[in-house]
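Me: I'm new to this structure and would like a close look at one part of it. Pick a spot, tell me what sits there, and then work outwards so I can see how the rest fits around it.

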Amino acid sequence: MRSVGYSLLTWATLTAILNSSSATVRYQPEQVHLSFGEKERSIVITWSTGNKTDSIVKYGGGGQLLQTKTGSCSLFVDGGKKKASQYIHRVTLYYEDPDSLQPETKYYYHVGSELGWSAIYWFLTPPENLNGWAPSIAIYGDMGNINAQSLPRLQAETQAGIYDAIIHVGDFAYNMDDYDGEVGDEFMRQIETIAAYVPYMTTVGNHESAYNFSHYRARFSMPGPYENMMYSFNMGPIHFISFSTEYYYYLRYGFKMLVKQYEWLENDLKEANDPANRTARPWIITLGHRPMYCSNRDDDDCTRIKNRLRYGITPLRLFALEDLFYKYSVDLEIWAHEHSYERMWPLYNYKVYNGSYDQPYTNPKAPVHIVVGSAGCQEKVDSFNPLPSWSGFRSSDYGYSRIKVHNATHLNLQQVSDDLDGQVIDEWWLIKEMPRIKFPLADELFSSQSNSPSPQKVGNIEQNHLRDSFEVEK
Ligand SMILES: [Fe+2]
C-alpha cells in the first residue's frame, strides 16, 4: 500500500480534511464570477465552496495557467432556519503586480485549491489606452432562477465575446435567500456561464431585502467600502454610479445609510464633474433598481408624481435624487423593477427637454431615463397604462439592452426582444457635442406645445412621435 504524499499538501489543506466531520465534503469551487476591482483595470474573481479551503487562482495568457495569485475567503451564513453556510473566496488580479495582467490579452484561468479546481474560463483585458476604449455592455434587471428568458441568448453572446461587461440592475434569483439560500446558490451557478467570462456588475433590488440584504452584500464583490450597496466604476469614457434605491423603501433598516448614500452620491458626482475627469469620462450613467418614472399598469411608486426617489421623502422632500442628478448633468439613468422596457424622452420634473424636434437625443437638455427590467423571472412581464407623452417607446417583450459607447460624443443603445428571437426592437443614439453642454435651468428651458399627437401602437410596442421640448400632464 502506497503512503499518501502529505508533503505535497499544505497545512491548510490538512486542516480542512481533518475538520470535515460531516458525511459529505464540499471542496469543489462553484458560482465563479468576475467583477471590476478597486483600482481601474483590476479584476476580482469570486467563488464559493461549502467547506473552507485555500483561495487560489491559476491563470495565464496563451492557454497556459502559469501564474498564481492567492486571496482569502469569508464565511457566509444564511439567515434561515437551516443556517446553511458557505465560504466565499476572493482573489484580485492587478495590472501593477509584476508579471500580472497585460492589456488587450485573453487570459485563461481556473479557481480553487489543492482539494479541487473549477473548469477553465477566460476573460479579455481592456486596451492600454482606456480613454480610447469603446466598451460593449449588456444590461438588464429582474432575472430569476425560474423563467430566465434572456439567459440563453446572453450566454451565447457573452461566450462569443461580444460584451466587455454585464450589468444586472437589481432583483436576482427570486430570491437568493429562498429555501435556505439554495435558490441563490442555483442562480449563481446559472449565471456563472456569463459572469465567469466578463465582469458582472450588480445593483441591489427589493428582492434582495431579506436579512438586511445579507445575500447581496455577501455574494458579490463590487468596489468600495459599502458592501456592494453603492459604488462607482469607470469603463473607458463612462463613469458608472450604482446605488441602492432600497434605502428609500426599507426604512425599517434605518436612515443612517440613506443619509450616507446621499452624501456619497453628491461627492462622487462632484468628483466625476471635475473638468479633467469629465473630459476623460464624459458619460455619467447611474444604475438604480426602482425607477423615478414609468407608465406601467400597477401601483408602483414610479407611477406617482411624488415618487420617493424623484421627489424625496415627504413632507420635507429629503434626499430627492432628480434635482441632484440634473444638477450634475447625469446623461443616462438606468432602472429596472418594472418587468418591461421603456425609453423616456429627456426628462426633468415631468417636463420633456428634447435636444430638437428631429433629434431628441442629440444634445438633450435633461437626463434620459430607461427601464430595463424584462430579463425574465417567475413574475412574468408588466402591462402598461395609456402611453404618456413623456415616454418615447416601450415594450413588454422579454429582453435586455445593449450599450455601446463609441467615443466621447456617441453612445448607442439597443433593446433586444427575446420574444422576437433576438430582434432589436429599439435602437437609438445618445449624442452630445463637445464641449459638454450643461443642462440649463428648467425654467429657462420651458417651452410648451399643446398639440399632442396620438401614439402609435403595433403589437406589444408603443411609440410616440418625435417632438420638441414640451410640458406634459402630471
Ligand atoms: Fe424590483
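Reply: Let's start in helix H4, residues 210-219, where Phe213, His215, Tyr216, Ala218 and Arg219 are buried. Buried means that 20 or more other C-beta atoms lie within 10 Å of a residue's own; with 12 or fewer a residue is exposed, and in between it is partly exposed, with C-beta atoms placed from the backbone. Names like H4 come from DSSP runs numbered from the N terminus: helices are H or I runs of at least four residues, and strands are E runs of at least two. What lies over the buried residues of H4 includes S5, S6 and H3.

Before moving on, a word on what you're looking at. This is a predicted model, in which local features need pLDDT of at least 70 and side-chain atom pairs count only at pLDDT 80 or more, while totals for chains, interfaces and linings use all residues. Residues are numbered from 1 along each chain as its sequence is written. pLDDT is the predictor's confidence in each residue, on a scale from 0 to 100. The protein chain has a mean pLDDT of 90, with 87% of its residues at 70 or more.

Now back to the neighbours of H4. S5 and S6, both part of its cover, belong to an open sheet of four strands, ordered S1-S2-S6-S5 with antiparallel pairing. Strands S1 (30-36) and S5 (72-77) are at the edges with a single partner strand each, so one side of each has no neighbour in the sheet. From one strand to the next the twist averages 25 degrees; the angles, which run from 0 to 180 degrees between N-to-C directions, use axes fitted to C-alpha atoms, for helices over the stretch in contact. Two strands count as paired if DSSP finds at least two bridges between them. Strand S2 (residues 43-49) and S6 (residues 85-93) have seven bridges, running in the antiparallel sense.

One residue to click on here is isoleucine 45, whose bridge partner in S6 is valine 91. Leaving out residues up to four places away in sequence, isoleucine 45 touches Val32, Leu34, Val57, Val91, Tyr109 and Val111. A contact means C-beta atoms, placed from the backbone, within 7 Å of each other.

Ile45 also leads us into the largest nonpolar core, which has 106 residues; Ile45, Ile139 and Val372 have the most contacts inside it. Such a core is a set of buried Ala, Val, Leu, Ile, Met, Phe, Trp, Tyr and Cys residues joined through C-beta atoms within 7 Å. H3, which also helps cover H4, gives this core its largest share, six residues. Both domain 1 (29-128) and domain 2 (130-441) contribute residues, so the core lies between them. Those domain bounds come from an automatic or database domain assignment.

Follow the chain into H3 and you meet a couple of backbone oddities. Most residues other than glycine have a negative phi, and most peptide bonds are trans. Aspartate 171, though not a glycine, has a positive phi of about 65 degrees. It sits in the loop between strand S12 (165-169) and S13, and is buried, with 27 other C-beta atoms within 10 Å. Then comes a cis peptide bond from tyrosine 174 to asparagine 175, with omega near -5 degrees. Asparagine 175 is in the loop between strand S13 (172-173) and helix H3 (182-195).

S12 also appears in another open sheet, this one with six strands in the order S14-S12-S10-S24-S25-S26 and mixed pairing. Its edge strands, S14 (200-203) and S26 (423-431), each pair on one side only. Strand S25 (residues 410-417) pairs with S26 in the antiparallel sense over eight bridges, and glutamine 415 has aspartate 426 as its bridge partner in S26.

Zooming right out, the protein chain comes to nine helices and 29 strands. Of its 474 residues, 47% count as buried. Among contacts with a separation of 6 or more, 68% join residues 24 or more positions apart.

Finally, two stretches where confidence drops. Over residues 1-8 pLDDT stays under 50, and the model has zero contacts for them beyond four places in sequence. Residues 442-459 also stay under 50, with 26 contacts beyond four places in sequence.

Note on methods:
Two residues are in contact if their C-beta atoms, placed from the backbone, lie within 7 Å.
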